[in-house]
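Here are my notes on this one, written as numbered points. Have the model open while you read, and look up each spot as we get to it.

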Amino acid sequence: MFLRRSSRFATRWWILFLITSHVSPGTSLHLDFSHEVDGRPLLADSLRYENSRSETFSVTRLDWLATDFSLTTADGRKINLPNTTAFIPTRGGTFTLPDLPAEKISAISFHLGPNEEINHSEPAAYTANHPLNPNFNKLHWDWQGGYIFLALEGHWRAPEQKLPGGFAYHFARDPNRSTITLPLDINLRDEHYVTIALDPKKLLTGLSFEKDGATTHSAEGDPVAARLKENLRSAFRIVTIQKGGIPTPPNPAKPIDLPANPKGYPITLPKHIPLPALPSDNPILTTRVALGEKLFHEPKLSRNNTISCASCHQGETFSDPRTLSPGTDGQLGTRHSMPLFNLAWKSAFFWDGRAPSLREQALVPIEDHLEMDESLEKVVAKIKADSAYPPLFTAAFGSGNITPENIGLAIENFLLTRLSLDSKLDQSLKGKATLTDQEKRGFELFFTESEPRLGKLGGDCFHCHGGALFTDHSFHNNGLSGDDPGLFAVTGKESDMKKFSTPSLRNIALTAPYMHDGRFATLEEVIDHYNSDFELSETLDPNLAKHPQGLGLSEADKAALIAFLKTLSDPDFTK
């Protein structure tokens, strides 16, 4: 495939590199970042911890950026490693500093958050798995602002409180960039593995969710952000130091069954869209895309040859105007059919995330009794018997084999090309369109965190629907009533109860009805749900639970928010 930026913009590639004052390479230093409470591994989603104000709390998210590492030698010299960046997710992660000089080291330092220049650089310029790619770290929500240095979210409960509330502390802004220095006694003649832990309980020292506020977006003068900054240095510690390296990561998967003369399918992205991590084993080829498109519209995939993928994913938006889609015999499914576009940035599919790839997702409806109700073996037999298909499979795959795997790969190829990235809002960024005053007000509300204690009223939409793709591709309990367990049915974790995939808000005005069960027919109903009517529960997303009475937007603000959402429709996508 050819993945490129629009010809109107120059492509910039950022590469992680190290610069030191030494030219003699040594060994690697591996940093294993973890999260702990009172010296024990953090149990995410567990409402068991107690802060210094005797409030019980859990952590559902603890993501942060560490940048510009440096080492201090035993004789006091600095080894600076500029442009080094690590993204640390809630589960922790390992980051390697390679080719270091063989020196005795007495300390390691890093910054929480990028420097001012990087913080305000174009976030879409970074490669797919770069720690500063916003689709990778989900810490860059606002096109106008910088990165969130640290996101700490969870639930909290006062001693006599029945249902927990939510908290969302988002530590950001250039003045809050902080330096962390930790003592480290090692000799880099040997490869070392060092575990560094961050304790969220220590980070919350002196803060009360009830008295000080359950939310911060680090506005200037916010005492909550000031306390977090003060607590940072004491919240980190070196846990273990040991000699040795880490296993070599596996090589990327090789392309599957390439044809004799593969021709890449051109994909063009505007400069403000982050690069996706496309599957290395299924490169996007013109012949596979053509085959996948034909299969997507093929009714032979169903038991009675009456419905295709396109029957439930209709039109240019690949969405269904019906609340629930009928199957082969008119039986209704249990969930609304999701719109299918901009899927290249997703890593889990279906409302409950049960498919880890598009190729697997494509095959599930074929065998689902409420949908196509056919066996894969019979589908293969029907496709083989159709004289139009063997030459198409030969052109798309070296073997020419018609198999369930190759059917899934072809449909995946086709769906990866379904892009919608040129809405009125996108045009306004290029100076080719102008938002109305009402749409600008809606934009402001969308990207504003509601913080009543600071006199700020906003929609808080960007936490789940931020960035250029208007989704975090994650799973959230958004306060809907009903019995559908959502992600819980896949993971079995109580903390995942009623969590569903976050859809993109692009083309949202064109893809009604809304939610996993299609319960809302209009955008007005959706906004009303978040404004005052969501269901409180122990797994309600913290960014909603922190506003248990709803957002309290006025009628004028709701209208402005809807006006802005309509600017996300792509006119070219519907031609």
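1. Start with Cys464, which is buried because its relative accessible area is 16%, and anything under 20% gets that label. Keep in mind that you are looking at a predicted model. The closest cysteine sulfur to that of Cys464 belongs to Cys461, but at 9.3 Å the pair is too far apart for a bond.

2. Cys312 tells a similar story. Its relative accessibility is 10%, so Cys312 counts as buried too. The closest cysteine sulfur sits in Cys309, 8.6 Å away, and that is too far for a bond.

3. How many disulfides are there by this rule? The count comes to zero. In case the term is new to you, a disulfide is a covalent bond between the sulfur atoms of two cysteines. The cut-off here is 2.5 Å between the sulfurs, so the 9.3 Å from Cys464 to Cys461 doesn't qualify.

4. Now for the empty spaces. The count gives two cavities of 30 Å³ or more, and the largest holds about 130 Å³ of space. Its lining is made up of 15 residues, with Pro134, Asn135, Gly466, Gly467 and Thr471 lying nearest the centre. Helix H2 (134-137) and helix H14 (462-465) are the elements that each give two or more residues to that lining. What kinds of residue line the largest cavity? Six are nonpolar, seven polar and two charged.

5. Next, go to Thr539, in the loop that runs between helix H16 (523-532) and helix H17 (542-545). Is Thr539 buried or exposed? With a relative accessible area of 13%, Thr539 is buried. Leaving out residues up to four places away in sequence, Thr539 touches His155, Asn477, Glu494, Ser495, Met497 and Lys499. One of these, Asn477, also makes a side-chain polar contact of 2.7 Å with Thr539.

6. Finally, compare that with Lys243, found in strand S15 (residues 236-243). Lys243 is exposed, because its relative accessible area is 62% and the label needs over 50%. Apart from neighbours within four places in sequence, Lys243 is in contact with Asp190, Glu191 and His192. The side chains of Lys243 and Asp190 are joined by a polar contact of 3.4 Å. Have a look at Tyr193 as well: Tyr193 and Lys243 are 50 residues apart in sequence, yet their C-alpha atoms are 6.0 Å apart in space.

Conventions. Residues are numbered from 1 along each chain as its sequence is written. This is a predicted model: local features need pLDDT of at least 70, side-chain atom pairs count only at pLDDT 80 or more; totals for chains, interfaces and linings use all residues. Side-chain values use heavy atoms; hydrogens and water are left out. Helices (H or I, at least four residues) and strands (E, at least two) are DSSP runs, numbered from the N terminus. Buried means under 20% relative accessible area, exposed over 50%, partly exposed in between (1.4 Å probe, protein chains only). A polar contact is a pair of N or O atoms within 3.5 Å; within protein, one must be able to donate a hydrogen and the other to accept it, and residues adjacent in sequence count only if both atoms are side-chain atoms. Contact means heavy atoms within 4.5 Å. On a 1 Å grid over the protein atoms alone, a cavity is a set of points where a 1.4 Å probe fits but cannot get out, and a pocket is an open set with protein on both sides within 12 Å along at least five of seven lines; lining residues have an atom within 4 Å of a point. Grid points are joined across faces, edges and corners, and a volume is the space filled by probe spheres set on the points. Ala, Val, Leu, Ile, Met, Phe, Trp, Tyr, Cys and Pro count as nonpolar, Asp, Glu, Lys and Arg as charged, and the others, Gly among them, as polar.
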